[in-house]
Amino acid sequence: MLNRLRGLIERAYGRHLRREIDDVPDHVAVIQDGNRRYARERGDDAPDGHRAGADTTERVLDWCADLGVSELTLYAFSTENFERPDEELEPLFDLLERKLREFADADRVHEQGVRVRVIGDVPRLPPRVRDAVDYAERRTADNDRFTLNVALAYGGRTELLDAARDIARDVVAGEMDPGAVDVETVESRLYDRPIRDVDLIVRTGGDERTSNFLPWHANGNEAAVYFCAPYWPEFSEADFLRAIRTYESREESWQRARAERAAALVRALAEVEFAEARAAASRLRERVPRLDGSDLSDDALGIAEGDSAASVESESPEPTETG
């Protein structure tokens with residue numbers, strides 16, 4: 001009874017959050033943290049936590065489809081994860097292989113037009129996982145409505161370092177002019193998997209850090225970041241909607257800041273123009289002969305004392321009443 005009541009409350013709260021959301025990010029990236037701690041607190045082994053987390057991943061895909069998010073990147077396995085013990089890694093590799101194949105064959109994936117791409121140092125993965133990566137990418141290659149990037153054997157610093165080395169080799173070989181290296185050049189070398197800039201990073205599990213995740217696409221784009229306490233298997237739709245609302249609030253704040261900066265710039269320019277106009281009027285008074293013995297005033301020259309950039313906000317005419 002208590003679980004049923006809690007479910008009703010969560011669904012009602014979810015509907016409330018949805019009504020508050022007007023703008024959604026194009027690209028959400030998720031650091032799925034807390035699978036092992038979730039399992040440990042329940043007396044289970046780490047692989048049990050990873051399996052529970054895989055179920056959450058499938059739900060998040062549905063939430064993205066419902067809201068209209070275009071791209072999702074999941075930090076599934078980092079380069080640092082290779083340091084874990086074999087008794088944890090082998091079941092994790094088994095799970096990755098199985099989920100990639102299941103996902104690639106799922107009807108709803110093709111109905112929703114989901115394309116799977118893997119980013120990271122794929123050659124470091126076991127052969128069975130590499131085969132599953134190839135299979136998932138081939139099976140979903142023609143889908144074009146939603147992109148799911150799975151970061152496997154991924155490390156942000158390694159990604160940037162590899163791109164820099166690749167570009168340096170071309171420069172040394174005389175195949176590229178150093179002056180021609182630009183943003184597009186770097187992006188084309190990032191694991192050969194170009195993705196759009198990240199708008200929102202979500203991290204579960206309570207830690208407030210982005211852990212070397214997509215530094216070029218997220219930090220470079222000043223992505224909004226949402227940290228939350230629930231472990232990844234516990235991550236709910238309400239948590240996801242709160243993350244979306246954080247992005248929306250940040251965007252609104254940015255828009256206000258941009259508008260305020262634009263207004264300040266216009267005021268500053270107008271004040272400069274006013275000062276220049278006063279100086280020009282002064283010079284004109286000195287040069288124009290006094291025809292009637294009186295000086296030319298600012299008013300006569302069309303420069304009223306109250307004219308300043310404060311009047312930059314142009315006054316609109318009074319509305320005309322219509323019958």
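These legends describe close-up views of two helix pairs and one pocket in a predicted model. Residues are numbered from 1 along each chain as its sequence is written, and side-chain values use heavy atoms, with hydrogens and water left out. Because the model is predicted, local features need pLDDT of at least 70 and side-chain atom pairs count only at pLDDT 80 or more, whereas totals for chains, interfaces and linings use all residues.

**View 1. Helix 3 packs with helix 4.** Helix 3 (residues 46–67) and helix 4 (residues 86–105), both DSSP runs (H or I, at least four residues) numbered from the N terminus, pack at an angle of about 25° with their axes 10 Å apart. That makes helix 3 roughly parallel to helix 4, a term for angles under 35 degrees. Helix 3 passes helix 4 in a right-handed crossing, that is, with the near helix turned clockwise from the far one by less than a right angle. The contact (heavy atoms within 4.5 Å) includes His 50, Ala 54 and Leu 61 of helix 3 and Leu 92, Leu 95 and Phe 103 of helix 4. Its residues divide into eight nonpolar, one polar and six charged, where Asp, Glu, Lys and Arg count as charged, Ala, Val, Leu, Ile, Met, Phe, Trp, Tyr, Cys and Pro as nonpolar, and the others, Gly among them, as polar.

**View 2. Helix 4 meets helix 6.** The axes of helix 4 and helix 6 (residues 127–139) come within 9 Å and cross at roughly 15°, and the two helices are therefore roughly parallel to each other. Among the residues that meet are Phe 93, Glu 97 and Leu 100 in helix 4 and Arg 128, Val 129 and Tyr 135 in helix 6. The residues of this contact divide into eight nonpolar, no polar and eight charged.

**View 3. Helix 4 helps to line the largest pocket.** About 970 Å³ of space lies in this pocket, a volume being the space filled by probe spheres set on grid points joined across faces, edges and corners. A pocket is an open set of points on a 1 Å grid over the protein atoms alone, where a 1.4 Å probe fits, with protein on both sides within 12 Å along at least five of seven lines, and lining residues have an atom within 4 Å of a point. Helix 4 gives the most to the lining, with eight residues.

Note on methods. Axes are lines fitted to C-alpha atoms, for helices over the stretch in contact, and angles run from 0 to 180 degrees between N-to-C directions. Angles under 35 degrees count as roughly parallel, over 145 as roughly antiparallel, 65 to 115 as roughly perpendicular and the rest as oblique.
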